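Reader: Hi! I'm new to reading protein structures. Could you walk me through this one?

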Amino acid sequence: MNAPTPLAEIAKDILRENDRGSYTVPTRGLYPFQWNWDSCLTALGQRHYDEARAWTEIETLFAHQWPCGMVPHIVFHVPDDGYFPGPGVWATGRPVPTSGITQPPVAGFALRRLYDRAQNRAEAATRVRALLPKVAAWHRWFFATRDPGGEGLVAIIHPWESGRDNSIDWDAALERVPTAGIAPYTRRDTQHADPEHRPTKAQYDRYLWLVEHFRELGWDTARLHDASPFQVVDPGFNAILLRAAADLADLAERLDAPEIAAENHRFVARGLAAMERLWSERHGQYLCRDRITGRLIDSASVGGLLAAFAAIPTARAARIAASIEAQGTRFRVPSHAPADPRFDAKRYWRGPVWLVVNYMIADGLARAGLAAAAAAITRSSLELIHENGFAEYYDPISGAPLGGDRFTWTAAMVLEFLAMEQA
Ligand code: GLC
């Protein structure tokens with residue numbers, strides 16, 4: 001009998017298969033372009049076999065940064081009818097078409113990890129130095145346009161910006177988004193994946209209304225926040241931004257860019273203080289805040305656990321670890337609290353496990369000194385892959401693979417988890 005192919009080899013094959021030269025698609029068919037946070041996390045997988053290629057992944061993304069500083073959530077490098085909404089719907093007028101909203105700003109974190117672990121030090125220094133001001137401009141853009149009141153945390157203005165597209169967190173706020181007048185459309189995602197595992201039509205209509213509304217405002221990113229009926233402060237998104245800002249500040253100090261360091265240290269100090277206002281003692285985690293009503297959103301999702309990725313107080317991180325432990329699903333970490341009646345084990349971000357989120361939570365818990373809690377997530381993630389392959393997301397109870405197959409960032413995270421296990 002032949003020995004089974006080691007996970008690391010399968011993971012590398014998937015990354016190579018989805019590699020389009022200077023960027024990587026999340027998976028064939030379902031997602032045929034470059035996605036923002038996918039790419040940054042994918043680079044962490046690529047570094048295990050080709051460091052130069054890993055830097056290129058992030059450079060390509062930043063080559064499509066907008067002059068205002070925003071880094072778009074999708075870059076439509078080549079035409080492909082397999083995805084909706086495509087460049088014609090966004091109509092952002094960019095030289096290479098892009099979407100007009102952003103995604104979790106994990107680039108600063110990815111840069112530091114690539115830099116710290118790089119074998120080729122000279123190349124790493126050159127490449128990170130060129131990216132530093134670009135990431136700094138993105139962070140500056142966030143606080144200028146998405147925190148106009150100066151509270152220290154930024155809002156997302158479209159559920160897709162969160163990266164957790166159809167989370168239960170957005171349901172109530174989305175109710176405020178109208179659907180009248182949207183152009184007729186045909187979804188493509190439900191042709192590639194089971195509709196029961198994807199967002200509903202009612203949600204999709206609202207996603208599109210927001211896109212059309214922002215398009216009518218000429219994609220002037222300085223105006224969109226105030227003009228959006230959807231403004232949510234997500235602790236997970238903000239934790240990613242604050243962690244990235246801390247990592248960028250650290251890099252900037254080492255690479256002699258004191259202004260970038262000082263600016264990002266300020267973002268972190270203010271943001272971490274403001275994050276405390278999102279804490280829920282009852283849920284043992286952070287919650288989203290609806291910026292339009294000013295109220296916390298009673299929805300215990302993985303967004304509030306992901307807060308552990310930033311340097312939150314150690315006692316909070318320990319409580320988050322305990323909350324995860326108490327969830328009791330066979331596989332960690334479900335994207336929504338299983339005890340909540342709205343939990344749905346198979347529908348996208350309303351219950352399933354996603355490896356990228358596991359990775360960031362595990363990293364944060366390890367940094368907070370909670371090694372056992374971090375190791376439990378790593379172990380569970382690798383078991384999930386051993387038993388069920390490299391899917392887009394997974395049922396946390398049965399482990400059933402869901403959504404797209406041979407998924408890029410899942411493969412990248414496996415390489416990282418394997419390295420963490422050996423460390
Ligand atoms: C889905 C996910 C999002 C991801 C994209 C590409 O839209 O919700 O987080 O970036 O797919 O993988």
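Author: Happy to! One idea before we start: a helix axis is a line fitted to C-alpha atoms, over the stretch in contact, and angles run from 0 to 180 degrees between N-to-C directions. Also keep in mind that this is a predicted model.

Reader: Okay, let's try that out. At what angle do the axes of α2 and α3 cross?

Author: The axes of α2 and α3 cross at roughly 170° and come within 8 Å. Angles over 145 degrees count as roughly antiparallel, and α2 and α3 are therefore roughly antiparallel to each other.

Reader: Nice, that makes sense. Which residues of α2 meet α3?

Author: From α2 there are N36, S39, C40, A43 and Q46, and they meet E51, R53, A54, E57, I58 and L61 in α3. Sorted by class, that contact of α2 with α3 has 5 nonpolar, 3 polar and 3 charged residues.

Reader: Does α3 have another partner I should look at, and how do the axes of α3 and α6 cross?

Author: Take helix α3 (residues 51–62) and helix α6 (residues 121–146): their axes cross at roughly 25° and come within 11 Å. Angles under 35 degrees count as roughly parallel, so α3 and α6 are roughly parallel to each other. Their crossing is left-handed.

Reader: And what makes the contact there?

Author: On the α3 side it is A52, W55, T56, I58, E59 and F62, and on the α6 side E123, A124, R127, V128, L131, K134, V135 and W138. By class, the contact of α3 with α6 has 9 nonpolar, 1 polar and 4 charged residues. You may recognise I58, which also appears in the contact of α2 with α3.

Reader: Back to α2, then. Where do the axes of α2 and α16 stand, and is the crossing left-handed or right-handed?

Author: Helix α2 (residues 36–46) and helix α16 (residues 408–422) have axes that come within 8 Å and cross at roughly 35°. The crossing of α2 and α16 is left-handed. W37, D38, L41, T42, L44 and G45 of α2 touch T408, W409, A412, M413, L415 and E416 of α16. That contact has 7 nonpolar, 3 polar and 2 charged residues.

Reader: Changing topic: there's a ligand, right? Which residues surround the ligand?

Author: The ligand is surrounded by P26, Y31, W35, W37, D38, Q103, G163, D165, Y348, W349, F407 and W409. W37, D38 and W409 are also part of the contact between α2 and α16.

Reader: How far is a polar side-chain atom of D165 from an oxygen atom of the ligand?

Author: For D165 the distance is 2.6 Å. A polar side-chain atom of W349 is 2.8 Å from a ligand oxygen, and an N or O atom in the side chain of Y31 is 3.3 Å from an oxygen of the ligand.

Reader: Last thing: what about the peptide bond from F84 to P85, cis or trans?

Author: That one is cis, with omega near -5°, and P85 sits in the loop between β2 (74–75) and α4 (87–90). The bond from R332 to V333 is cis too, with omega near -5°. V333 belongs to the loop between α13 (314–327) and α14 (355–367).

Reader: And what is the phi of D256?

Author: D256 has a positive phi of about 60° although it is not a glycine. You'll find D256 in the loop between α11 (235–254) and α12 (258–275).

Technical notes:
Residues numbered from 1 in each chain as written. Predicted model: local features only at pLDDT ≥ 70, side-chain atom pairs only at ≥ 80, totals over all residues. Heavy atoms only, no water. Helix = DSSP H or I, 4+ residues; strand = E, 2+ residues; numbered from the N terminus. Parallel < 35°, antiparallel > 145°, perpendicular 65-115°, else oblique. Left-handed = near helix turned anticlockwise from the far one by under 90°. Contact = heavy atoms within 4.5 Å. Nonpolar A, V, L, I, M, F, W, Y, C, P; charged D, E, K, R; others polar. Near = heavy atom within 4 Å. Polar contact = N/O pair within 3.5 Å; in protein donor to acceptor, adjacent residues only side chain to side chain.
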